[in-house]
Amino acid sequence: MLKILIPTLMLIPTTWLIPKKWLWTTTTSQSLIIALISLLWLKWDSEIGWSSSNIYLATDPLSTPLLILTCWLLPLMILASQNHISPEPINRQRSYITLLILLQFFLILAFSATEMIMFYIMFEATLIPTLIIITRWGNQTERLNAGTYFLFYTLTGSLPLLVALLLLQKDLGSLSMLTMQFTKPMTFISWSDKIWWAGCLLAFLVKMPLYGIHLWLPKAHVEAPIAGSMVLAAVLLKLGGYGMMRITSLLDPLTKELSYPFIVMALWGIIMTGSICLRQTDLKSLIAYSSVSHMGLVVAGILTQTPWGFTGAIILMIAHGLVSSALFCLANTNYERTHNRTLLLTRGMQIILPLMTTWWFMANLANLALPPIPNLMGELFIIVSTFNWSYWTILLTGLGTLITASYSLYMFLMTQRGPTPTHIITLYPSHSREHLLMALHLLPILMLMSKPELVWGWCYC
Amino acid sequence: MWSAWRGITETIPSLTIRLDPSRLSALSRFPRTASGTRAYSSFFQDLEAQLEAMRRKAAKAMPGSDWTPVELTPGLPPEHADIVIVGGGVVGWSVAYWLKKKERIRGGVRVLVVEKDPTYSQASTVLSAGGIRQQFSLPENVHLSLASADFMRNINEHLGVLNEDPVDLQFNHSGYLFLASEKGAGVMEENYKIQRDAGAKVTLLSQTKVKEKFPWLNTDGVALASYGLENEGWFDPWSLLNAFRRKALSMGVYQCFGEVTGFRYSSHSMPINDGDRRAFSRIRFVNVRMPNSLEYQPVECGIVVNTAGASSGKVAELAGIGLGPKDTLAAVPVPVEPRKRYVYVINCPDGPGLDTPFMIDYSGVYCRREGLGGNYIAGLSPEEEEEPDTRDLEVDYNFFQDRVWPLLAHRIPAFECAKVTSAWAGYYDYNTFDQNGILGLHPLVNNMYFATGFSGHGLQQSPAVGRALAELILDGSFRTLDLSALGFMRLYHQQPVLEKNIV
């Protein structure tokens, strides 16, 4: 664990001491090396247990894929931000990279925490660098509104979580996840127990987000700069899913009845947000709503509390993280050239940037869950597990899959095909950096096709 | 003993006096002031006043009030807009309206119209004589005017806003009457053929027919006349501008009053087909300066539409158009400059009646009826050498006396006793190259569109021009009318598209 944490912390002196000419190269390569070292975590000594060298930080098959995703994302974020941050003064560039590194650090601590309170503190701590990135480096006036929504939705959801965790600590004596899995099932009889159950889950549902409390997400994703959008879509949403998966082992008999409305909201949200995607005029907003749609599926999978549900949730989280981040990077390449995100004005790009069309095509196919990409595997597992929970869900999930396919294709056709407006004919061609960024996003997806057991979590079936 | 009791009863009143609340010791701190009120009441009044101020401040910060911790200038444009239209005249608002009409989904494009002068005191639109005709020699001009006339006849279908008054353009369909001498009759016949082919309802009249139709006209020297039967006449330009503006604002166009003082653009050079490199640039930000202030807002934009009318040339220069090395494409400026034209209002009680068309003589003098009180509007385009000074809009009445009146009185004898009641001057956005509009994208500045340089017929073509530009931007190419002949490249290739019927 320290072999990852110390280099990550040392990235901060790197950014502040490296001369200006080498800043981006050095930070990218150092974070890439950290990402490659993090792959070592994939070697689990025991199939379902924790591997750790100390009692505070440990990894298990649930947190490992998310940790590797987090570490993998930092070099990608730095690659993506290079162009739009470089006009700024050098110290501001350094501050930006420092914020990204701090966010990375908190995320690693969050995913590898063994104690629920430490997880909670890191969960909250990730809000601060993200808020600073959105409100300081976002592009438009609405970013202040977006930051406020983001901060207050998450804080309002997580205050009950703090109270619930403190109550739990009083009852159990310890909130270490290592021992939580062995506690006896608790008896829940009163109304306050039900409220405690809701308090445990609310923070994670807001973070996922669940449809109904998802309003912060389109705002935050759209107004954030590219690195902010990438980390929000890829990792911060998964913090919610991870937290839910950890805490549901304690909430057991209550969840069977109390999760009913949340599963229904999540499934309904898939269809609603999918339909909203078809009516969006702003490209980033479209991708943000598609994130809500996929995460609705994940919420439904986790709340069914079956091994297949959990497995599907983890696979979909990892695959969606990579694909959604790839889509945001593609939208950013368009934005950097034309300075507007309106779908009506940046169309027919295939004629102008044909190589980018390949990446658009692959990312959109992955988004609509084309077999054999892991997105499909995750979606199928979740659909099957919700079908098992209730036969009627197949209507909602089936329709949701259909709508997902239609808006992904709509996104592709609107941006790439069709008549090219005359004002975007002379755009500068794609940089190798952009191609590298897209390759680094989509290559892990393709490699996961051959060994999906890596991301199946501890419900290895 | 009784004396002791009596002593007590004597002391009791003094005790009661001492216990009287109005004389309690606390109050001794607040002696009565000269006005009779106690000082303690002013202490409470002060306290009340302070609490009231605090309450007022807190109420201001509640949601629903417009107090902000950071003072914002009112009227500042948004920091980001997809399409920025420079110039809020009739062409600019027409483009804004058509862009919103074609956006297909609500909020599809964010359009901002930037206008320098909220009073429109020097705008060409509102100072125009307001005529509309199809009698041009360029087919594109005829098509544009026809489409615009059709738009204006059905104006309430297009620009009607729910719950608001219907639009009344006061469109007088009295037609135009062009008079030609022997020399010009041949050209007039050719033009007539072009106009009829393009669909205009125009007819040719011989000298006798003219005399029959308009007995008040002196037909000496008139060999042929061309009279528009339909879709020609004049209307109120201010109503058209306001109709476009009202409709566009109701569709969600942002409006800002400010002056465009600069563009921030990025350029990079790319090789073109024969190997040499050109510098293509892309406007990233439009700097809009607030009126009467030094404050400016850089508006990030995707597309800029230059409809600044008489100042289009200067706005284009801000983007670097015309400032390149000699004999290159970058050195071709937008040749639009303001030219002052006078319009005189004359009153003649015995003048021509209601059927007066917009008469244009071969000498260049024009005249039309204005209202029903015997008023007429007349004017003349000066020669190149006697172009008036464009620094202000002062009217030269001697011009009327020396140049306009003789020609006018010769043509319409009733005007010999006409009196000038008032006059005004306005600018033509005069295209010095070929006096026809410039419509389309600039070849080197990749996101600047032009719709300017109409040299006196911009108002009448504005609805169709707006539609054409919106098609260019949103559909990629012209759909209804092909106006590629009016593109920018003709300025570079030195191929003027001349109009033989300039008024």
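Two residues are in contact when heavy atoms of theirs lie within 4.5 Å. Keep that in mind for the exercises below, and remember that this is a predicted model.

**Exercise 1. Get a feel for chain A as a whole.**
Task: work out what kind of secondary structure chain A has, and whether its contacts are local or long-range in sequence.

Solution.
- Step 1: start with the elements. Chain A has 19 helices and zero strands.
- Step 2: look at the contacts whose partners are 6 or more positions apart. Of these, 83% join residues 24 or more positions apart. Long-range pairs dominate that set.
- Step 3: check the overall dimensions. The C-alpha atoms fill a box of roughly 70 × 55 × 45 Å along the principal axes. For 461 residues, a compact globule would have a radius of gyration near 23 Å, and chain A has 21 Å, so the two agree.
- Step 4: turn to the surface. Of the 461 residues, 62% count as buried. Chain A exposes about 16800 Å², and carbon and sulfur atoms supply 71% of that area.

**Exercise 2. Place the annotated domain.**
Task: find which residues of chain A the UniProt domain feature spans, and describe the chain there.

Solution.
- Step 1: read the record. An unreviewed UniProt entry puts "domain: NADH:quinone oxidoreductase/Mrp antiporter transmembrane" at residues 113-404 of chain A.
- Step 2: describe that stretch. The chain is 77% helix and 0% strand over residues 113-404.
- Step 3: compare its ends. The C-alpha atoms at the two ends are 34 Å apart.

**Exercise 3. Look into helix 10.**
Task: decide whether helix 10 of chain A is mostly covered or mostly open, and say what surrounds it.

Solution.
- Step 1: count. Helix 10 runs over residues 216-223, and seven of its eight residues are buried.
- Step 2: name them. They are Trp216(A), Leu217(A), Pro218(A), Ala220(A), His221(A), Val222(A) and Glu223(A).
- Step 3: find the cover. Among the elements over these buried residues of chain A are helix 6 (127-137), helix 7 (142-172), helix 9 (191-207) and helix 11 (226-247). Helix 14 (283-304) and helix 15 (307-338) also take part.

**Exercise 4. Hunt for unusual backbone geometry.**
Task: find where the cis peptide bonds from Met208(A) and Pro371(A) lead, and which residues here have a positive phi without being glycine.

Solution.
- Step 1: recall the background. Most residues other than glycine have a negative phi, and most peptide bonds are trans.
- Step 2: take the bond from Met208(A) to Pro209(A), which is cis with omega near -5°. Pro209(A) sits in the loop between helix 9 and helix 10 of chain A.
- Step 3: take the bond from Pro371(A) to Pro372(A), also cis, with omega near 0°. Pro372(A) belongs to the loop between helix 16 (354-367) and helix 17 (374-389) of chain A.
- Step 4: turn to phi. Gln305(A) has a value near 60°, and its place is the loop between helix 14 and helix 15 of chain A. Gln305(A) counts as partly exposed because its relative accessibility is 25%.
- Step 5: cross to chain B. Gln494(B) has a phi of about 55° and follows helix 12 (489-492) of chain B. With a relative accessible area of 54%, Gln494(B) is exposed.

**Exercise 5. Visit Val260(B).**
Task: decide whether Val260(B) is buried or exposed, and find its contacts.

Solution.
- Step 1: locate Val260(B) in strand 9 (residues 259-271) of chain B.
- Step 2: apply the cut-off. Buried means under 20% relative accessible area; Val260(B) has 10%, so it is buried.
- Step 3: leave aside neighbours within four places in sequence. The contacts of Val260(B) then include Val86(B), Val114(B), Val286(B) and Leu318(B).

Conventions:
Residues are numbered from 1 along each chain as its sequence is written. Chains are lettered from A and ligands numbered from 1 in the order in which they are written. This is a predicted model: local features need pLDDT of at least 70, side-chain atom pairs count only at pLDDT 80 or more; totals for chains, interfaces and linings use all residues. Side-chain values use heavy atoms; hydrogens and water are left out. Helices (H or I, at least four residues) and strands (E, at least two) are DSSP runs, numbered from the N terminus. The radius of gyration is taken over C-alpha atoms; the globule rule is 2.2 Å times the number of residues to the power 0.38. Buried means under 20% relative accessible area, exposed over 50%, partly exposed in between (1.4 Å probe, protein chains only). Accessible areas come from the Shrake-Rupley method with a 1.4 Å probe; for residues, only the protein chains shown count as cover. UniProt positions are given in the numbering used here, feature names are shortened, and annotations may be inferred rather than shown by experiment.
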